[in-house]
Amino acid sequence: MKAIKKFIVKYLALILIALLWQGFVLAELFPRQLFPGLGEILLVFVELLATSDLWTNMGVTIYRILVGFLLAAIVGIPIGIQMSRSSFIDDLMQPIFTAGYPIPRVALYPIFVLLFGLGSGSKIFTIFLECIFPIVVSTYYGAKSVNHLYVWSGQNMGATDRKLFWKVFLPGTMPSIFTGFRIALPIGVVIAVLTEMISSNNGIGYFLVYLSATLSQSKVLAVVIFISLFGYGLDRLLLYVRNRYVYW
Amino acid sequence: MPSSFKKSRFIVISLVELLLFLSLWQLLSMTDWFPTYVSSPAVVLGIISEFFMTGEVFPHIGISLYRSIVGFLLVVLFGTGLGILAGFFQPIGRFFDPVVSFFNPIPKIALLPVFLVWFGVTDTTRILIIFTSAFFPCFIATLDGVRGINKLYLWSAENMGASKFKMLYRVVLPAALPKIFDGWRVALALTFVMMFSSEMIGSSTGKGLGFMILNADAYGRTDIVLAAVIVIAALGFLFDRLLIGLRGRVLWWQNR
């Protein structure tokens, strides 16, 4: 009894939203077609999980997100660390990453479609471009705050630049790199869905637009639930990896 | 003043890089290596100046800015307001916590088809998408800012007999303002992304920069696409600078 009460208090807002939604449905203020009940959405959601349409499209989307994100990490982390170490590189890169930050890079997507075609290339490149900014910026600030004593002692003990990068800067910056990841990964998901919605013939964004064109609102909502569960899971996964491997 | 020297050096380096980039692009488009459908910067700049001479771009800019600014102001109003309340009053904070953890991971752009069915191809749909996308970063940043306030400030204000309202206005708001500004900056950038994407996806009303890109793209006019992209980028940059300028004015004690 106490557990139930605790649960209700904790999730009060969500319960209220669900009740409100269901109340609207029961009052039939809007046509059922456009405003399906929660039970129906859940049912459609379970049905959808059994279809291959969902999984093949999701697979394509996951592939694009991961490749774009990993590329951004591979390119972005060294840039961020080198920027913090050399004032020349800092001067060179600072305008790109400071002044370029507020520019919506996704607006370039139509150009990338021309350059890389309608397939995965243009999407991956857009995801890469959007993800690299938060990764570089948080790596840069993280590496700036690496204790100088560690760097000096490393240098004194004759560590090469390469060794310094791998043994001192990278581990020291890891927490803020993960902060950058946590900002970048949801952006990657959004950009993947977005670019697929604009122009594509596969991927979860395309699937969403396709379902919406067939006017099945409950299916659209079920896919939205699926995508949000995916985004939530991805974030949890990132947190798990961080707690597991960046334990210091 | 070393900081102003640093600032002007930053501007000089940025300009040099921009010029280098433009001339490289121009060179590449004059050789045959580059695909011919990617127009040269000279052509694109010509289109942009033509945009402004004829004034045909102003209605598009106007409607796009209207959508993003209204969305942004709503975010500032609700995101910051609710964030402060949720951070200051514990029960309200506990009430909103599950909402954040449930709705925050949804890529809000996925809701666009849903909103399109409910509200049609209208500004309401677009502003709602902008609002839902930018709300959470602003709300979370504000909440963080308020919760991170030095408790000593609150205690001393309480001791000196400040009312709850006065504490909110005099202590909590100024102390959380740096974080709040960070949230606004993220929200503003998101506003522009969502403005562009909602105009490109939700088959448009025929106005707006995103629509302009979509339309030009359909006719294969890469030069117009690039020109519109540059206009969006310039607007995004400009509004970010405006926000930073405002921050410098309001947070004069924070020498950042």
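**Helices, a shared pocket and a salt bridge**

Reading chain B from the N terminus, the elements simply go α-α-α-α-α-α-α-α-α-α. That makes 10 helices and zero strands for chain B. The model is a predicted one, and in it the C-alpha atoms of chain B fit a box of roughly 75 × 55 × 30 Å along the principal axes.

Two of these helices, α5(B) and α6(B), make a good place to start. Helix α5 of chain B covers residues 112-119 and helix α6 of chain B covers residues 123-147; their axes come within 9 Å and cross at roughly 145°. The crossing of α5(B) past α6(B) is right-handed. On the α5(B) side, the residues that meet the partner helix are L112(B), F115(B), L116(B) and F119(B). Facing them from α6(B) are T124(B), T125(B), L128(B), I129(B) and T132(B). Sorted by class, this contact of α5(B) with α6(B) comes out as six nonpolar and three polar residues, with no charged ones.

Both helices turn up again in the second largest pocket, where α5 and α6 of chain B each supply at least two lining residues. Rolling a probe the size of a water molecule over the atoms is what shows where empty space is left. Here the second largest pocket has a volume of about 1,900 Å³, and 48 residues line it. Nearest its centre lie I17(A) and W21(A) from one chain, along with F102(B), F103(B) and I106(B) from the other.

The lining of this pocket draws on helices of chains A and B. Besides α5 and α6, chain B brings in α4 (90-103), while chain A offers α2 (12-27), α3 (38-49) and α11 (217-245), each with at least two residues. The top contributor is α2(A), which puts nine residues into the lining. As for chemistry, the lining of the second largest pocket counts 43 nonpolar residues, against four polar and one charged.

Charged pairs are found elsewhere in the model. Side chains of opposite charge can pair when their charged atoms come close, and the structure has nine salt bridges over all chains. One of them joins E196(A) and R64(A), with 2.8 Å from N to O. This pair ties together distant parts of the chain, as E196(A) sits in helix α9 (residues 161-198) of chain A and R64(A) in helix α4 (residues 52-85) of chain A, 132 residues apart.

Note on methods:
Residues numbered from 1 in each chain as written. Chains lettered and ligands numbered in written order. Predicted model: local features only at pLDDT ≥ 70, side-chain atom pairs only at ≥ 80, totals over all residues. Heavy atoms only, no water. Axes fitted to C-alpha atoms, helices over the stretch in contact; angles between N-to-C directions. Helix = DSSP H or I, 4+ residues; strand = E, 2+ residues; numbered from the N terminus. Left-handed = near helix turned anticlockwise from the far one by under 90°. Contact = heavy atoms within 4.5 Å. Nonpolar A, V, L, I, M, F, W, Y, C, P; charged D, E, K, R; others polar. 1 Å grid on protein atoms, 1.4 Å probe; cavity = no way out; pocket = protein on both sides within 12 Å on 5 of 7 lines; lining within 4 Å. Points joined across faces, edges and corners; volume = space filled by probe spheres on them. Salt bridge = Lys/Arg side-chain N within 4 Å of Asp/Glu carboxyl O.
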